[in-house]
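Thanks for making time, everyone. I would like to go through the pockets and then the sheets, with the criteria stated as we reach them.

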Amino acid sequence: MEAAQNDKRVLLLTGDHGYALFDEFRRSCPDQYINAGIAEQNMVGVAAGLAKAGFRPVVYGLSAFVPVRVLEQIKIDVCYEKLPVIFTGDGAGLVYSTLGTSHQSFEDIACLRAVPHIDILSPCDAHELTACMRSAFAQAGPVYMRMGKADLGAVHEALPDLECGKLLRVLDGDHPVTLVATGSMVKAAQTLGRELGASVWSAPWIKPLDTTQLSSIAAGTRAIITLEEHSVVGGLGGAVLEALAEAGPRPVLRVGIGEQFSLTCGSHAHAMREHRIDLESVRQRIAPFVAKWQAA
């Protein structure tokens with residue numbers, strides 16, 4: 001809303017949901033709000049046209065639909081021409097747990113990482129969210145911002161200084177294993193880091209990743225654990241592995257969602273336990289890896 005009030009070119013598009021969420025925006029900037037209806041593919045095409053006409057569209061949707069349902073339109077309509085469209089995927093991961101697999105999204109990062117010319121942001125708290133939104137508006141091309149709704153509280157004490165591709169230090173530690181997490185899992189990594197005395201880094205920028213910084217972090221540790229509320233295939237863990245394989249390998253344990261859909265419905269906490277990415281399950285999953293490198 002701040003961006004729209006300061007720049008009449010900023011437009012907000014939504015696919016017929018989030019009314020209460022946008023009530024204040026519609027009162028403040030009624031001419032900058034477009035309800036595109038339940039037609040997400042068309043909404044992306046409209047956003048692309050508006051971007052070509054000089055506007056700065058922000059496309060809002062649940063991450064199961066934006067970007068997953070509209071992947072082709074993002075690829076061809078927006079990324080092919082490097083248009084400055086911001087996509088916000090809300091409820092990423094397992095947050096819409098009660099609505100089942102159709103509304104859960106743990107493949108969105110993987111889908112978009114392979115598409116050229118789009119940045120991927122994944123904030124862990126309100127401070128990172130604000131910094132990421134400002135960074136998104138500063139970009140000249142397409143951006144996808146992945147947002148959860150777990151409301152786990154603050155990780156940072158103030159607005160962080162966000163630089164393109166860089167990780168943010170959350171905790172300092174001297175343990176031989178370092179934790180790198182993104183989104184909702186940064187809070188769990190913070191807790192585990194305190195228990196272990198390990199360094200913890202947040203990855204608000206998934207694509208691109210600053211490989212120079214990542215290599216420097218890897219050089220100062222024996223092994224790395226990545227944590228994400230996303231598939232272990234093609235997400236943060238995959239990006240870290242790919243970067244380190246070229247820059248200087250380190251053992252990496254990827255903690256995320258495995259090769260399965262949700263089989264039951266329940267609370268977000270229930271879904272996290274089912275996929276073994278709740279705090280206690282993660283603690284158990286990483287224990288053998290931590291012990292191995294602690295003893296090395």
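Let me begin with how elements are named: helices (H or I, at least four residues) and strands (E, at least two) are DSSP runs, numbered from the N terminus. What you see is a predicted model, in which local features need pLDDT of at least 70 and side-chain atom pairs count only at pLDDT 80 or more, while totals for chains, interfaces and linings use all residues. Residues are numbered from 1 along each chain as its sequence is written, and side-chain values use heavy atoms, with hydrogens and water left out.

First, the pockets. On a 1 Å grid over the protein atoms alone, a pocket is an open set of points where a 1.4 Å probe fits, with protein on both sides within 12 Å along at least five of seven lines, and its lining residues have an atom within 4 Å of a point. Grid points are joined across faces, edges and corners, and a volume is the space filled by probe spheres set on the points.

By that definition, the largest pocket has a volume of about 1200 Å³. It is lined by 45 residues, of which L129, T130, M133, M145 and M147 are the closest to its centre. Elements giving two or more residues to this lining include α1 (2-6), β1 (10-14), α2 (19-28), β3 (56-62) and α7 (185-196). Which helix supplies the largest share of the lining? That is α6, with 6 residues. By class, the lining has 26 nonpolar, 9 polar and 10 charged residues, where Ala, Val, Leu, Ile, Met, Phe, Trp, Tyr, Cys and Pro count as nonpolar, Asp, Glu, Lys and Arg as charged, and the others, Gly among them, as polar.

The second largest pocket holds about 200 Å³ of space, and its lining includes L152, H268 and R273. Both α7 and α10 (268-274) supply at least two residues of that lining, and α10 gives the most, with 4 residues. The classes here are 7 nonpolar, 2 polar and 3 charged residues.

Now the sheets, where two strands pair if DSSP finds at least two bridges between them. One open sheet has 7 strands in the order β2-β1-β3-β4-β6-β5-β10, with mixed pairing. Its edges are β2 (33-35) and β10 (205-207), each with a single partner strand, so one side of each is left without a neighbour in the sheet. The twist averages 20° from one strand to the next, with axes taken as lines fitted to C-alpha atoms, for helices over the stretch in contact, and angles running from 0 to 180 degrees between N-to-C directions.

On this sheet packs α2, touching β1, β2 and β3 (contact means heavy atoms within 4.5 Å), and the direction of α2 makes about 150° with that of β2.

Within the sheet, β4 and β6 pair in the parallel sense over 4 bridges, and G89 has R146 in β6 as its bridge partner. Strands β5 and β6 also run parallel, joined by 3 bridges, whereas β5 and β10 run antiparallel, with 2 bridges. Both faces of β6 are covered, since V143 and M145 on one side and Y144 and R146 on the other are all buried, meaning under 20% relative accessible area with a 1.4 Å probe, protein chains only.

Finally, an open sheet of 5 strands has the order β7-β9-β8-β11-β12, again with mixed pairing. Its edge strands, β7 (168-171) and β12 (252-257), each pair on one side only, and the twist averages 25° from one strand to the next.

How values were computed:
Buried < 20%, exposed > 50% of the residue type's maximum accessible area, 1.4 Å probe, protein only.
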